[in-house]
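Biologist: Hello! Could you walk me through this model, one question at a time?

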Amino acid sequence: MIHDADRLLEARHFPLFVSVLCQGADRANSAVDLDGFPLDRPAIAQHFVFEFRDFDRETVAARIEQPDLTVVTGETFVAAELSSEQWH
C-alpha cells in the first residue's frame with residue numbers, strides 16, 4: 001500500500017509506473033517460468049493499493065489511461081490491468 005499517493009499521481013512517470021506494476025503482476029501469474037517450462041503452483045494474487053488524501057476517480061482514471069491498460073472505476077476505486085488486446 002502506498003499512502004499519500006497524491007504527489008505520485010502528479011508525477012510524469014505515474015502512468016508508466018502503474019503499467020510496470022501491472023506487467024509484474026501478470027508475469028507473477030504466468031503459467032510458465034522464464035525458460036517456458038510450466039509452473040506447478042496456483043496463481044498469486046497481486047494488488048497494489050494507492051491511498052489518496054483527495055480521491056477523485058475521474059482524475060486518477062484519466063492519469064493512468066493508456067493503450068496497454070484497461071481501466072475500470074467504481075464508487076470508491078480505480079482498477080487497472082493489462083489490456084488483453086495489447087499483451088496477450
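Modeller: Gladly! Helices and strands here are DSSP runs, with at least four residues for a helix and at least two for a strand, numbered from the N terminus. Please keep in mind that this is a predicted model.

Biologist: Thanks! In what order do the elements of the protein chain run from the N terminus on?

Modeller: The secondary structure of the protein chain comes to four helices and two strands. Taken from the N terminus on, the elements read α-α-α-β-β-α.

Biologist: What percentage of the residues of the protein chain count as buried?

Modeller: Let me set the scene with the overall dimensions: the C-alpha atoms fill a box of roughly 45 × 25 × 25 Å along the principal axes. The chain exposes about 6500 Å², and carbon and sulfur atoms supply 54% of that area. A residue counts as buried under 20% relative accessible area. Of the 88 residues, the share that passes this test is 26%.

Biologist: Now to the largest pocket: which element gives the most to its lining?

Modeller: The largest pocket holds about 610 Å³ of space. Its lining has 23 residues, and the closest to the centre are Phe48, Phe50, Val78, Ala79 and Ala80. Helix H2 (14-28), helix H3 (57-64) and strand E2 (78-82) each supply at least two lining residues. With six residues, the element that gives the most is H2.

Biologist: How many residues of that lining are nonpolar, and how many are polar or charged?

Modeller: Cys and Pro are grouped with the nonpolar residues here, while Gly goes with the polar ones. On that basis the lining of the largest pocket divides into two charged residues, four polar and 17 nonpolar.

Biologist: And the largest nonpolar core: where does its largest share come from?

Modeller: This core has 12 residues in all: Ala5, Leu9, Phe14, Val18, Leu21, Cys22, Phe50, Phe52, Val60, Ile64, Leu69 and Leu82. H2 and H3 each supply at least two of them. The largest share, four residues, comes from H2.

Biologist: Which residues does Leu9 touch, not counting those up to four places away in sequence?

Modeller: Leu9 belongs to the largest nonpolar core, as do Phe14, Phe52 and Val60. Contact here means heavy atoms within 4.5 Å. By that cut-off, Leu9 touches Phe14, Phe52, Thr59, Val60 and Arg63.

Biologist: What is the phi of Asp4?

Modeller: Asp4 sits in the segment before helix H1 (6-10). Its relative accessible area is 41%, so Asp4 counts as partly exposed. Most residues other than glycine have a negative phi. Asp4 is not a glycine, yet its phi is positive, at about 50°.

Biologist: Is Glu75 buried or exposed?

Modeller: Glu75 lies in the loop between strand E1 (69-73) and E2. Leaving aside neighbours within four places in sequence, Glu75 is in contact with Phe55 and Arg57. Exposed means over 50% relative accessible area. Glu75 has a relative accessible area of 67%, so Glu75 is exposed.

Biologist: One last thing: how far apart in space are Pro67 and Ser83, C-alpha to C-alpha?

Modeller: Pro67 is found in the loop between H3 and E1, and it is exposed, with a relative accessible area of 67%. Leaving aside neighbours within four places in sequence, Pro67 is in contact with Ser83 and Gln86. Pro67 and Ser83 are 16 residues apart in sequence, and their C-alpha separation is 7.5 Å.

Notes:
Residues are numbered from 1 along each chain as its sequence is written. This is a predicted model: local features need pLDDT of at least 70, side-chain atom pairs count only at pLDDT 80 or more; totals for chains, interfaces and linings use all residues. Side-chain values use heavy atoms; hydrogens and water are left out. On a 1 Å grid over the protein atoms alone, a cavity is a set of points where a 1.4 Å probe fits but cannot get out, and a pocket is an open set with protein on both sides within 12 Å along at least five of seven lines; lining residues have an atom within 4 Å of a point. Grid points are joined across faces, edges and corners, and a volume is the space filled by probe spheres set on the points. A nonpolar core is a set of buried Ala, Val, Leu, Ile, Met, Phe, Trp, Tyr and Cys residues joined through side-chain atoms within 4.5 Å. Buried means under 20% relative accessible area, exposed over 50%, partly exposed in between (1.4 Å probe, protein chains only). Accessible areas come from the Shrake-Rupley method with a 1.4 Å probe; for residues, only the protein chains shown count as cover.
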